[in-house]
Structures are given as C-alpha cells and as structure tokens.
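The following exercises introduce a protein chain through a series of short tasks. Each task is followed by a solution that proceeds step by step.

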Amino acid sequence: MQTSLLRSSAARQLSSRRFASTTAESASQAASQTASKAQDAAKQTAAKAQDAAKVAASKLMAAASGLGNSLGKIGGRTGQLIKGVESLIPPTIYYAKVAKELSKLVFHGQKMSPPNIQTFQETFSPIINMLKKPKALINTASTSPALQPAFILARLRQFTPQEYAQAGVLTAEVIGFYTVGKMIGRRKIVGYRGGNNDHP
C-alpha cells in the first residue's frame, strides 16, 4: 500500500511537472506567435507608408518637372536667371548632403550631442528679451561699468607681460591673414593690375 502511495505521488509530481512544462511551452509559443504577428503588421504598415510616400514624391516630381518645363520656355534675362538657378540646385544638394555626413562624423567622433531644449532656452531667452526691448539694451550699455573708459584703462594696466605678448601675437596673426587674403584677391603681391592709366 505504501509503495502504491509513493508511486501515485511520484506519478502526480511527474505529471504536474509535465503539465507545467507544457503550459510554459505553450505560453512561450503563444507569445512568440503574437510577437511575430505584431512584427508582420508593423512591416505591412511601414510598407504602406513607404508606398504612399513614393506616390506623393512621384506626383511632386511630376509637378516640379512641369513647372521647370514651363519656366524653361521663358526667354531673355529672366530665362537665363532661371537656368542659372536650376544649374545651382544639384551641387547645392550634393554639398548639403556632404556637410550633413561630415557633421555626423564629427558629432560621433567627438561624442557630441545637441543641447536639450531647456539649455537652449536658458541661453537664448536673455538675448531675445534684449532684442525685444532695444531701448533697455542701449541704457544698459551706456551705464555698464565695463564699457566706461576708466574701467578699460584700469584693465589694460593690470595686464601682465605674458598677456601683452599673447595680444601681440594674435594681432600679428590677424594682420598676416588679412594681408595674405588681399594678395590672393588681387592675384598680385603689390598693387593692382592695370597700372596708373586706370585712375585719372
């Protein structure tokens, strides 16, 4: 009798384990089926949205090409201007894409992130408020001690020789870059092309 009780309790435990494992298996199968159905629905919705976007883009392109054809028929200076603008569109788009990709590389390489909205508002709200009230800005500037000549002279007297050297180097750099830029612009080191006959 005892052995039959042991056997029956062992059989119950074994069957409950089987039942529990089949319940867990069926629950995991149901969850995976539900997840796959959700993924299929999401894929179908995305495909429909992509198709709608393609249709809208093709209609927009057709309208733009129709407008371009009608603008291309315009002659004279206006037509030349329109053709010039149309010729600038592809390189502009190309360089905009290049700048976008380059900025992505810089942002990822430097581990940068754009500021959040709160920081942006804290930074620019005083500037916007000053621009809304320019009279207050002028009054603040005229009464500011940092803009008074006595304060500026006192600050210059407090400079150390190292700060004077840094200011001199910076001034020399600015003058040098300006001079080199002028030479490049003139395409000549000294003077301008054409000689003295150009100026009466």
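**Exercise 1. Describe the burial and the surface of the chain as a whole.**

Solution. Of the 200 residues in the chain, 2% count as buried. The model under study is predicted. The chain exposes about 17,900 Å², and carbon and sulfur atoms supply 65% of that area.

**Exercise 2. State the secondary structure of the chain and the confidence assigned to it.**

Solution. Begin with the elements: there are six helices and zero strands. Read along the sequence, these give the pattern α-α-α-α-α-α. Next, consider confidence. The average pLDDT of the chain is 79, and 80% of the residues score at least 70. Finally, compare the elements: helix H1 (residues 2-72) has the lowest confidence, with a mean of 68, whereas H6 has the highest, at 93.

**Exercise 3. Classify the ring pair of Phe 120 and Phe 124, and place both residues in the chain.**

Solution. The structure holds three aromatic pairs. In one of them, the ring centres of Phe 120 and Phe 124 are 4.7 Å apart and the planes stand at 50 degrees, so this pair is tilted. An angle under 30 degrees would count as stacked and one over 60 as edge-to-face. As for location, both residues belong to helix H3 (residues 117-132), where they are four residues apart, about one turn of the helix. Phe 120 is partly exposed because its relative accessibility is 46%. Phe 124 is likewise partly exposed, because its relative accessible area is 36%.

**Exercise 4. Carry out the corresponding classification for Phe 159 and Tyr 164.**

Solution. The ring centres of Phe 159 and Tyr 164 lie 5.4 Å apart, and their planes are at 65 degrees, so the pair is edge-to-face. The accessibility of each residue follows. Phe 159 has 24% relative accessibility and therefore counts as partly exposed. Tyr 164, with a relative accessible area of 44%, is also partly exposed.

**Exercise 5. Identify the members of a nonpolar surface patch and examine Val 106.**

Solution. The patch is formed by Leu 102, Leu 105, Val 106, Phe 107 and Met 112. Together these residues have about 480 Å² of accessible area. Val 106 is located in helix H2 (residues 76-109). Its relative accessibility is 39%, so Val 106 counts as partly exposed. Membership of a patch requires over 30% relative accessible area, and the value of 39% for Val 106 satisfies this requirement.

**Exercise 6. Determine whether Arg 186 is buried or exposed, and find a backbone atom that its side chain contacts.**

Solution. Arg 186 is situated in helix H6 (residues 161-186). Its relative accessibility is 16%. Buried means under 20%; Arg 186 therefore counts as buried. A polar atom of the Arg 186 side chain lies 2.6 Å from the backbone oxygen of Ile 189.

**Exercise 7. Examine the backbone angle phi at Lys 111 and at Arg 187, and state the setting of each residue.**

Solution. Take Lys 111 to begin with. Its phi is positive, about 55 degrees, although the residue is not a glycine. Lys 111 sits in the loop between H2 and H3, and it counts as exposed because its relative accessibility is 75%. Turn next to Arg 187. This residue is not a glycine either, yet it has a positive phi of about 60 degrees. Arg 187 is found in the segment after H6. With a relative accessible area of 66%, Arg 187 is exposed.

Note on methods. Residues numbered from 1 in each chain as written. Heavy atoms only, no water. Patch = residues over 30% accessible without salt bridge, like charges linked within 9 Å, V, L, I, M, F, W, Y side chains within 5 Å. Areas by Shrake-Rupley, 256 points an atom, 1.4 Å probe, with all protein chains shown as cover. Salt bridge = Lys/Arg side-chain N within 4 Å of Asp/Glu carboxyl O. Helix = DSSP H or I, 4+ residues; strand = E, 2+ residues; numbered from the N terminus. Buried < 20%, exposed > 50% of the residue type's maximum accessible area, 1.4 Å probe, protein only. Polar contact = N/O pair within 3.5 Å; in protein donor to acceptor, adjacent residues only side chain to side chain. Phe/Tyr/Trp six-rings, centres within 6.5 Å; stacked < 30°, edge-to-face > 60°. pLDDT = per-residue confidence, 0-100.
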